[in-house]
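User: Please give me a close look at a single part of this model. Keep it brisk, and show how that part fits with the rest.

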Amino acid sequence: MKDVFILSIETSCDETSIAIVKNGCEVVALTILTQMDTHSDFGGVVPEIASRMHTENITMVLEETLKKAKMEVSDCDAIAVTYTPGLLGSLLVGVEFAKVLSYVYDLPLIKVNHLIGHIYANKIDNKLHFPTLALVISGGHTELIKMTDDYEFELLGETLDDAIGEAFDKVARVIGLKYPGGPNIEKLAKEGENSYKLPKMANDDTYNFSYSGLKSSVINLVNNERQRGNEINKADLACSFQTAAVEELTRKLEKALKETDIKNVIIAGGVSANKYIRSEVQKLCDKYEAELSLPEFIYCTDNAAMIGAAAYPLYLKKEFADLDLNAKSTSNIC
Amino acid sequence: MHLFIDTHLFDIIVILYKDGKIIRKEIVKDEKEHSRILMPLIKKVLKDETPESIIVVNGPGSFTGVRLGVTVAKTLAYTMNIPIRTITSLECLALSTTENEKIVGFNDKNGYYIGIFDNDYNLIGDFEYLTNNEYEKYTKNYNVITDCDLDFENIIEFALTKEDINPHKVNPIYVKKIDVEK
């Protein structure tokens with residue numbers, strides 16, 4: 001079969017990224033322009049500024065990607081773009097940009113769900129074996145999904161309140177860590193011990209997660225200590241919080257491993273770059289003799305290569321979008 | 001053959017212009033979902049022909065509206081390898097009035113974008129954004145022209161006299177400050 005090259009675009013948050021992906025698994029070229037430094041001055045992503053920077057940079061990011069790949073857009077077989085979920089203004093820049101490429105080069109347009117992109121990041125230089133359990137963890141999502149085939153998803157459980165990444169960011173802010181909060185908690189936690197007693201989350205019989213209780217208890221603890229004039233050991237608190245947050249993940253994953261007898265596990269989403277989570281899930285998989293698939297770090301955070309990987313099964317099924325494609329800020333995988 | 005794109009406010013305007021004449025013109029009024037409309041409209045107007053240049057209204061106006069028009073225009077220019085020129089929404093108004101005192105403006109929900117131009121359509125000072133209250137005071141001293149039919153021939157001819165810009169460098173102008181800038 002002829003090789004398929006997909007030019008893919010990702011602008012759902014604060015990274016302008018374009019890639020060319022061969023046959024859904026081989027990255028020919030990838031450019032990621034992050035705006036993190038700009039937003040860190042504001043303590044978080046400012047949506048309007050993110051959108052502005054996508055428009056400023058997107059044609060240059062394309063030029064750089066084509067140069068790296070030594071290819072032209074016309075050498076590609078399709079244009080893929082993240083259309084949901086994310087910041088609406090940011091998504092729109094990528095979607096319009098993709099539509100122009102699709103129109104000018106007369107190539108099929110493929111719309112990709114950003115979260116499914118994170119799952120398919122596991123397909124890059126790797127194989128997805130079905131059935132698999134997928135733990136999707138990011139700033140906006142915490143979901144446990146059963147996948148029986150390409151694009152066959154069954155939601156087992158999801159967060160009832162905050163997403164895990166959101167809880168990391170909020171706790172980071174309360175203990176005075178800079179943006180991005182999640183990675184800074186992880187860094188600080190390494191220097192601390194699990195010495196603060198934080199409440200265990202409600203042990204219900206579902207696969208659902210909950211993070212607001214844990215988050216609130218950390219906030220209350222910090223406020224109480226401050227009122228009493230006590231110093232908080234930030235490293236210990238970061239470690240205690242991270243341990244409790246990850247226990248919530250592994251507890252539900254363990255339940256699924258036990259009850260479904262599925263032997264493949266993948267972790268996807270921005271929070272999957274967290275090394276402590278990776279090692280804890282690995283331990284669990286070893287216990288159940290399940291195989292854990294992890295994307296390379298570069299494919300964990302937002303990037304266009306995963307969008308190209310996720311677009312490939314849709315290309316084969318000829319599931320193409322039209323020029324009236326619109327962006328959508330929220331949506332789920334299933 | 002030149003392609004003109006204006007998405008700076010509620011209307012989407014796409015025009016094909018050749019030898020001093022408008023060949024095709026599509027206007028979609030009061031559109032809320034610019035993204036659904038713009039590319040199909042451009043396709044309809046271009047009919048798969050490649051224009052020799054692009055003119056885009058690069059603001060000020062609705063942030064998202066301007067950004068869509070500019071993103072599409074600069075990407076078209078870059079991929080088709082054709083020149084691109086920008087014209088501001090307030091220049092468009094100034095080019096559409098015969099008044100000598102060219103103080104032009106238009107409003108969004110919270111206020112007015114204002115520009116003052118000389119008879120050669122050079123901007124005097126900077127664009128300004130006035131809140132509705134500020135605007136009310138302003139109009140006691142100045143006569144702001146807000147309602148004129150856009151003279152597209154004049155606008156496009158004027159834009160064509162400008163230098164073209166590297167597509168990478170084509171960006172919206174926003175004027176109005178956002179919260180984090182205040």
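Analyst: **The open sheet of chain A and its setting**

Chain A splits into domain 1, covering 5-121 + 299-316, and domain 2, covering 129-294. The bounds come from an automatic or database domain assignment. This is a predicted model: local features need pLDDT of at least 70, side-chain atom pairs count only at pLDDT 80 or more, and totals for chains, interfaces and linings use all residues. Residues are numbered from 1 along each chain as its sequence is written, with chains lettered from A and ligands numbered from 1 in the order in which they are written.

Start with the sheet. It is open and has five strands of chain A, in the order β3-β2-β1-β4-β5. Its pairing is mixed. Strands (E, at least two residues) and helices (H or I, at least four) are DSSP runs, numbered from the N terminus. A pair of strands needs at least two DSSP bridges. Now the edges of the sheet. β3 (26-34) and β5 (109-113) of chain A stand there, and each has a single partner strand, so one side of each is left without a neighbour in the sheet. On average, neighbouring strands are turned by 20° against each other, direction ignored.

One pairing deserves detail. In chain A, β1 (residues 5-10) and β2 (residues 15-22) run in the antiparallel sense, joined by six bridges. Within that pairing, I6(A) has V21(A) of β2(A) as its bridge partner.

Helices cover the sheet. Helix α2 of chain A, residues 47-69, lies across β2 and β3 of chain A. The angle between α2 and β2(A) is about 30°. Helix α3 of chain A, residues 88-104, also packs on the sheet. Helix α3 touches β1, β4 (78-84) and β5 of chain A, and its direction makes about 160° with that of β4(A). Axes are lines fitted to C-alpha atoms, for helices over the stretch in contact, with angles from 0 to 180 degrees between N-to-C directions.

Next, the domain boundary. The centres of domain 1 and domain 2 of chain A, taken over C-alpha atoms, are 27 Å apart. Across the boundary, 14 residues of domain 1 of chain A are in contact with 16 residues of domain 2 of chain A. Contact means C-beta atoms, placed from the backbone, within 7 Å. On the domain 1 side of chain A, the elements giving two or more residues are α1 (36-40) and α4 (114-120) of chain A.

Step back to the whole chain. Chain A holds ten helices and ten strands. Its radius of gyration is 20 Å, close to the 20 Å that the globule rule gives for 334 residues, so chain A is as compact as a globular protein of that length. The radius is taken over C-alpha atoms, and the rule is 2.2 Å times the number of residues to the power 0.38. Along the principal axes, the C-alpha atoms of chain A fill a box of roughly 65 × 45 × 30 Å. Take contacts in chain A between residues at least 6 apart in sequence: 75% of them join residues at least 24 apart.

Last, the neighbour. Chain A meets chain B through 25 residues, in contact with 25 residues of chain B. On the chain B side, α1 (34-46) and α2 (63-80) of chain B are the elements that give two or more residues. The most comes from α2(B), with 13 residues. Chain B itself has five helices and eight strands. Its C-alpha atoms fill a box of roughly 50 × 35 × 30 Å, again along the principal axes.

Note on methods
Contact = placed C-beta atoms within 7 Å.
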